[in-house]
Amino acid sequence: MKIVVAVKQIATLGDEVEFTDDERAVDPDFLDYALNDWDSFSTEEALQIRDRSGEGEVVVVSVGDEDAEEAMRRCLAMGADRGIRIWSDALDGADPITVARALAEVIRREGPDFVFAGVQSADSVQAATGVALAELLGLPRVAVVTKIELGDGKAVVDRELEGGIVDRTEVDVPALFTIQTGINEPRYATLRAIKQAEQKEIEVVEPSDLGEPAYRVRRMYVPEKGAGAEMLDGSAENVAQRIAEIVKERLK
Amino acid sequence: MDVLFAADETRKTFANLGLWEKGLWYVLILVSTGIFAWGMWRHARKYLRGRSAFTLDRPGRRVRRAVTTTLSHSWIRRRDPVAGLGHLLIFYGFVVLFIGTAILAFQDDFARPILGFDFWHGWFYLGYSLFLDLFGVALVVGLGVMAVKRGILKPFRLDYWRPDRAEGEYDRKPYVIGDWTFLGVLFFLALTGFLLEGFRIAIANPDFEVWAPFGWLLGQMFIAGGLEGGSAESARLVTWWVHGVAALGFVASIPFTKAVHMLVSPAGVAVRDDTAGKVLAPIPADAKPEEVGYGTIADLSWKHLVDLDACTKCGKCHEACPATSSGYPLSPRDLILDLREQAEGAMGIRSALHLPPLHEERESILGDPIRPETLWSCMQCMACVEICPVGIEHVPIINQMRRRLVEQGEMDPLLQGTLETIYTSGNSFGEQKRKRGRWTRDLDFEVKDIRKEPAEHLWFLGDYASFDPRNQRVTQALARVLNHAGVDFGILYDAERNAGCDVRRVGEEGLFTSLAEENVKAISACHFERIFSWDPHSFHTLRNEYPQFGGTWTVLHHTQLLLELLEAGRLMPKPLGYTVTYHDPCTLGRYNGVYDAPRQVLAALGLELREMPRNRDNSFCCGAGGGRIWMQELKRDDTPRPAEMRIDEATSLGKLDYFVVACPKDVTMYEDAIKTSGHQGEIELREISELVLESLDLDTVAVGAAADERETNGKEPV
């Protein structure tokens, strides 16, 4: 049983933001970094499957510069066996399709039984990398997975739909799943374990062909605050009356 | 070898035993001391199997401390003078009678037969008789005091109620029987001793025996009752054997009963680590997961194994513990007793006093009998360690077991989330690092970035003082006070991390190490003379625990700095005239002994301080310590929280203007508790800095208004 988990070091933003001089990215001074929340769940799920099957390997793969190894260390500290970090300068600020191409090249080489990715990353929130990766690898994929049951050459998975509906699907293995938060309770990686995980191997790979970018960021900005908001105060009666007036006005 | 009569006052020993009877007696002595020695060896072997602890530095001082605290009973008398007196009488009664017996043995078995020297007569004999007689009475009175306490007064600390088990889930009857047997056996020994004396005096009734007044009195009573001469002689013989065999039986039983505390407890005091619980030991970097903390009996250090045997079940920790009294499933006493039962079962004398199951030496004791919720209930406030008369280290023992739980990832999700937040953001609020200095923006002066320019003082803030809106008001007040006094200070801004005091107390030693290393690195790169903090947790850890990471600085609590400024005339307060009470923060008081500085500041502000019953070293934790502020509630619903009990305690003093604190977590806890305990409007909370600022009569409107506005927009702390 070999499971590859694609993880990402995400940037977190506070309530203040400034952009770089070319206005195409957030000034790194305003960013902190962390392991993408979804990825701790997908790592945990992979570890549980490995441990239940009693053999196998969990490999974490990430696209990122050297700093991204901090997020990978946490996955290794949780129990993943080794890591592969993919990086070239061309991947700086890359779109999800380009990232998926970089991942696909490495994962194809690994030939895993399962590929897990988080549903989305908390910073760019596109939910695209995982599904694009499945396409590139030619694997069946199920998105927003909340439960996995393994059978013989098959897997039965629950995927979450709108409105609390669950869709139970049977897929052939190998397959790619994008994992939803709440599927398990990710274990705690002690700092001791994170330190000791420094001894686990992280291979660094440079991608050979990333192809054409799917998009380029032209400008980042904080949108103008919407004008015309009217704060209503006074008694409930007055507020209700004013709302009714506004609705009537707008319906005209 | 019948006793030769001296020309002057003395008496016959051995009740006129024949040779073979004397022989039998010496055989019994050998058997008794043999059993005693075997039992003590079993204990010693148990300690020798413990993990290594700290080095026993300054042995002379340690022995001196054990001797003086034992002789003076200074630790035993604290917070219970009656039991202290009872114990003192028993102790001195027992010791003097023991020494008396030893003198007699020396005279009979060594001085006379070998040296041919006889001293047990004349004035020495009379003094000896008087002394032993009086101390025999002291022993009986002391036993009486203890029996009254146990049987009639029945204080909370002796009731064996367990907060961590349901009614019927445990049985403490064996302990109760053991306690009463111990009292009973000592009483029986004293009683038969006095009877023996009475019978002996009744035989010949020499005048000089009036020097043993109570024995003499008994003798006269026997004579008056017609018991003298031959019948007294046979009564004496029987009593002699009963007393003698009982005494030998008692000696043999010492290692197997609570009497062992007579030997182990003073030893525990001698080997006590003064920094126990205050400065926790690091985990070696190369430790394997099964070597982290305590998960089995085999993991305990020899010192902690000694602690288990030293416990006398006096219940002082049980009474002092804020978790026990506010309905958390933890009693430090029962935790120690559970561990002792396991240690006895696994490595030594198998005691009858245990609840099944017992575990093997290397079998996990976490879960059963030591429940995780018991360990997580601890506030690491040190109330138990501080009051323990025999130097037991409950707090580091609990911390070691927490370390194992953390290593195994067994903790509540809230706590796990907080630790992960601290790891990723460097603070427990999950705020961005760059927001650390945001509170300075509301001030009308710049606060130096000490990374860029030197300052006399480095101000280490701590998370609550930096990010919590209510606490930011205190931080700003203190900044204004210091600015007004012309104090040259700067802060670390983005480079400050959570100091790690509570992270360490939770048991996440790795994260603590990483935080400490980052802070030490950041601080070491700055130029300053002293560090201060208004957070006692940061103050404590920087001052006492960062030396383990190479950070050796002069660290002050802000109350100490404020006192310096007041004494130097750099702050000229106008008297405020309020009536207040003051809550000693655990990490400032019990951890660091800073009790007077805050009180002196309050006095300098012209405040009348009314002390709560539990003050200074007996201060009652707010309930936030040891990481509890980051965990889900574990207590029963039908008891008030520690902070609410504390507000009740304050308001019971009569009309007070302010409940004064000197710790950011106290600000948070007691602001809440004033609201939830139903005392809103009766009392308000102030941090000392806020009162100092008020006394300076500066214009405070600007700061307050800006902070208030942000508070309404601010988010709730984690």
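Two strands are taken to pair if DSSP finds at least two bridges between them. With that in hand, the central strands of chain A in this predicted model can be read residue by residue. A:V61 stands opposite A:I84 in strand 5 of chain A, and strands 4 and 5 of chain A pair in the parallel sense over five bridges. The connection between these two strands runs through helix 2 of chain A, and the resulting β-α-β crossover is right-handed. A:V61 also has a partner in strand 1: A:A6 stands opposite this residue of strand 4 of chain A. Strand 1 and strand 4 of chain A pair in the parallel sense over six bridges. Strand 4 of chain A is mostly covered, with six of its seven residues buried.

It helps to step back to the whole of chain A here. Its secondary structure comes to six helices and 11 strands, and its C-alpha atoms fill a box of roughly 70 × 45 × 40 Å along the principal axes. Of the 252 residues of chain A, 37% count as buried. Among contacts in chain A with a separation of 6 or more, 70% come from residues 24 or more positions apart.

The strands just described belong to an open sheet of nine strands in chain A, with the order 9-8-7-10-6-1-4-5-11 and mixed pairing. Strand 9 (166-172) and strand 11 (202-205) of chain A form the edges, each pairing on one side only. On average, and with direction ignored, neighbouring strands of this sheet are turned by 35 degrees against each other. Strand 1 (residues 2-7) and strand 6 (residues 114-118) of chain A pair in the parallel sense over four bridges. Within this pair, A:V5 has A:F116 of strand 6 of chain A as its bridge partner.

Two helices that pack on this sheet deserve a closer look. Helix 2 (residues 69-78) of chain A touches strand 1, strand 4 (57-63), strand 5 (82-86) and strand 11 of chain A, and its direction makes about 165 degrees with that of strand 4 of chain A. Helix 4 (residues 129-137) of chain A also packs on the sheet, touching strand 1, strand 6, strand 7 (141-150) and strand 10 (175-179) of chain A. The direction of helix 4 makes about 180 degrees with that of strand 10 of chain A.

The buried residues of helix 4 of chain A are A:T129, A:G130, A:A132, A:L133, A:A134 and A:L137. An α-helix has 3.6 residues a turn, so residues three or four places apart point the same way. The cover over the buried residues of helix 4 includes strand 1, strand 6, strand 7 and strand 10 of chain A, together with helix 3 (96-110) of chain A. Just after helix 4 of chain A, A:G138 takes a positive phi of about 70 degrees.

Attention now turns to where the two chains meet. The contact takes 11 residues from chain A and 21 residues from chain B. On the side of chain A that touches chain B, strand 3 (31-35) and helix 5 (191-196) of chain A each supply at least two residues. Helix 5 of chain A gives the most to this side, with three residues. By class, the side of chain A that touches chain B has four nonpolar, two polar and five charged residues.

In chain B, the domain assignment gives domain 1 (59-160 + 169-269), domain 2 (278-407) and domain 3 (414-713). The centres of domain 1 and domain 3 of chain B, taken over C-alpha atoms, are separated by 53 Å.

Chain B also has an open sheet of four strands, with the order 7-6-8-9 and parallel pairing. Its edge strands are strand 7 (608-609) and strand 9 of chain B, each of which pairs on one side only. Strand 8 (residues 658-661) and strand 9 (residues 684-687) of chain B pair in the parallel sense over four bridges, and B:Y658 stands opposite B:E684 of strand 9 of chain B. Together with helix 26 (residues 664-676) of chain B, strands 8 and 9 of chain B make a right-handed β-α-β unit. Helix 26 of chain B lies across strand 8 and strand 9 of chain B, running at about 170 degrees to strand 9 of chain B.

Notes. Residues are numbered from 1 along each chain as its sequence is written. Chains are lettered from A and ligands numbered from 1 in the order in which they are written. This is a predicted model: local features need pLDDT of at least 70, side-chain atom pairs count only at pLDDT 80 or more; totals for chains, interfaces and linings use all residues. Axes are lines fitted to C-alpha atoms, for helices over the stretch in contact, and angles run from 0 to 180 degrees between N-to-C directions. Two residues are in contact if their C-beta atoms, placed from the backbone, lie within 7 Å. Domain bounds come from an automatic or database domain assignment. A residue is buried if 20 or more other C-beta atoms lie within 10 Å of its own, exposed if 12 or fewer, and partly exposed in between; C-beta atoms are placed from the backbone. Ala, Val, Leu, Ile, Met, Phe, Trp, Tyr, Cys and Pro count as nonpolar, Asp, Glu, Lys and Arg as charged, and the others, Gly among them, as polar. A crossover is right-handed if, with the strands pointing away from the viewer, the path from the first strand over the helix to the second runs clockwise.
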